[in-house]
Amino acid sequence: PIVSSSFMNTRMVPKSMLGKDADPNELISVVRDELPFMDTDIARGFVLLTLEAFAFFCQEFGLWKPGMDEKASGLLDFPAEANFVSLQFVELGGDHLDRLLRFASAGGDLAAVRAAEASTTGLENEEAFWADMQEVLLGSMRLLQDTSRTVYFINCAVLFSGGILVASALRPMLQKLRFLDSVLGAKSGGAELLFYCSRVGAVDLARFDAPRSWTAARAELSAFAKDAGLPVSKTLATPAELPEVAKRWEACATGLELSSLEDVSGSAAAEEWQRAEDRAGPLLAFLTALLKEVILPGLGARLQVLAVHNVRNYIDDGEGSRRRRLCAASVVRNVALLLQSRACNTSKLDSSKDTELIPHVAELIMRCAAAVRRVEDSTVHGRWVTCADLAEHLEECEAQQAAVPLPEASALGAWPAAAAALVAAGICTEMVP
């Protein structure tokens with residue numbers, strides 16, 4: 001049912017961080033601190049489905065009930081000419097989020113970011129890296145502002161090391177949530193956040209001390225508020241004692257129909273998954289109450305907690321294994337949870353006479369982009385594509401007597417509409433002004 005899909009994971013570090021003779025392809029290196037995957041600064045997954053396949057997926061998971069709530073859900077309220085649905089998922093890794101936070105705190109001063117990372121100056125490669133990084137940071141800020149649904153991942157193995165909340169691990173989380181509130185909170189009605197709790201299985205729940213963790217969280221929040229110049233009164237107004245709601249876990253009524261996952265993964269896997277959910281209950285109840293009752297009110301944040309869920313990335317949790325198996329059922333459920341936001345971009349394309357040309361010109365643009373990229377070893381060096389590049393590409397096609405479906409004038413005239421369609425579909429992104 002998937003027409004096309006792609007995934008790209010990037011880790012952006014200057015050469016000075018790698019070291020003179022360092023090999024980034026080593027199993028453990030500055031770009032990969034844990035097997036099996038490379039660390040993430042920015043990752044992007046893209047899936048293109050037919051409208052019929054997307055409707056089937058929504059129906060299978062109870063997101064859409066034919067004949068009952070087509071308009072109410074908004075999921076399938078597409079223009080009549082729509083034939084495909086694109087889903088795009090973008091991850092901003094922790095290191096990149098830290099870099100964005102420093103960039104925003106410094107008012108967009110890249111020199112402050114470089115100083116914080118002890119960047120070497122004067123080297124040609126280093127200067128080129130940071131020139132590109134400024135463009136990446138500006139683009140990432142725009143990406144955050146335009147997102148339709150945001151998920152914040154909490155690494156429970158780090159936050160609850162030893163069975164109690166670790167204050168030094170909470171501080172970065174407070175900084176990031178405050179930053180996200182400044183970017184997302186300005187949206188009408190505030191922004192809703194989904195919280196996904198990963199590596200819950202690595203927490204020693206038998207030693208989990210909720211009252212001590214609650215006290216430690218309030219103390220760290222008070223210290224953070226004081227350091228950040230926030231009103232400490234907001235923190236003091238939060239519940240000093242562990243509330244009853246933090247002691248019991250009631251699984252979120254997601255409204256999802258998950259029987260299809262059981263059909264695929266098998267009843268034994270589904271039962272193990274449910275046991276894992278039950279084991280995670282005390283921690284999820286604590287985190288839900290902590291976020292709603294202490295952290296977000298104490299920060300004076302406009303962010304709202306939509307839900308807190310346990311996520312399982314791997315079927316086997318063996319740390320450091322090169323052959324860890326992805327838990328596909330959990331990944332699919334996470335996608336379904338995101339789609340419950342009812343936030344789809346159904347804006348209609350340009351209805352002018354150029355509309356019929358858009359698919360053909362879009363294909364020419366993508367062919368042009370593929371032609372101008374440069375590949376060295378296993379590294380692909382792409383670059384921004386402009387209308388002038390397309391004109392040059394068409395001239396080269398003509399010189400080589402390659403077939404082109406449109407006259408040059410028509411193709412270049414439809415550039416704005418085709419480029420806008422590619423951006424709207426999530427296939428391309430605009431250059432930062």
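Visitor: How much area does the chain expose, and what share do carbon and sulfur atoms supply?

Guide: About 23600 Å², with 53% of it from carbon and sulfur atoms; that's Shrake-Rupley with a 1.4 Å probe, and for residues only the protein chains shown count as cover. Bear in mind this is a predicted model: local features need pLDDT of at least 70, side-chain atom pairs count only at pLDDT 80 or more, while totals for chains, interfaces and linings use all residues. Residues are numbered from 1 along each chain as its sequence is written, and side-chain values use heavy atoms, leaving out hydrogens and water.

Visitor: Why is Arg333 called buried?

Guide: Buried means under 20% relative accessible area, exposed over 50%, and partly exposed in between. Arg333 has 7%, so it counts as buried.

Visitor: Where is Arg333, and what does it touch?

Guide: Arg333 sits in helix α13, residues 328-339; helices are DSSP runs of H or I, at least four residues, numbered from the N terminus. Leaving aside residues up to four places away in sequence, its contacts (heavy atoms within 4.5 Å) include Leu256, Trp273 and Glu277. Arg333 and Leu256 are 77 residues apart along the chain, yet their C-alpha atoms are separated by 8.5 Å.

Visitor: And what makes Glu271 partly exposed?

Guide: Glu271 has 47% relative accessibility, which falls between the two cut-offs, so partly exposed is the right label. This residue belongs to helix α12, residues 267-299.

Visitor: How much of the chain counts as buried?

Guide: That's 39% of the 433 residues.

Note on methods
Helix = DSSP H or I, 4+ residues; strand = E, 2+ residues; numbered from the N terminus. Buried < 20%, exposed > 50% of the residue type's maximum accessible area, 1.4 Å probe, protein only.
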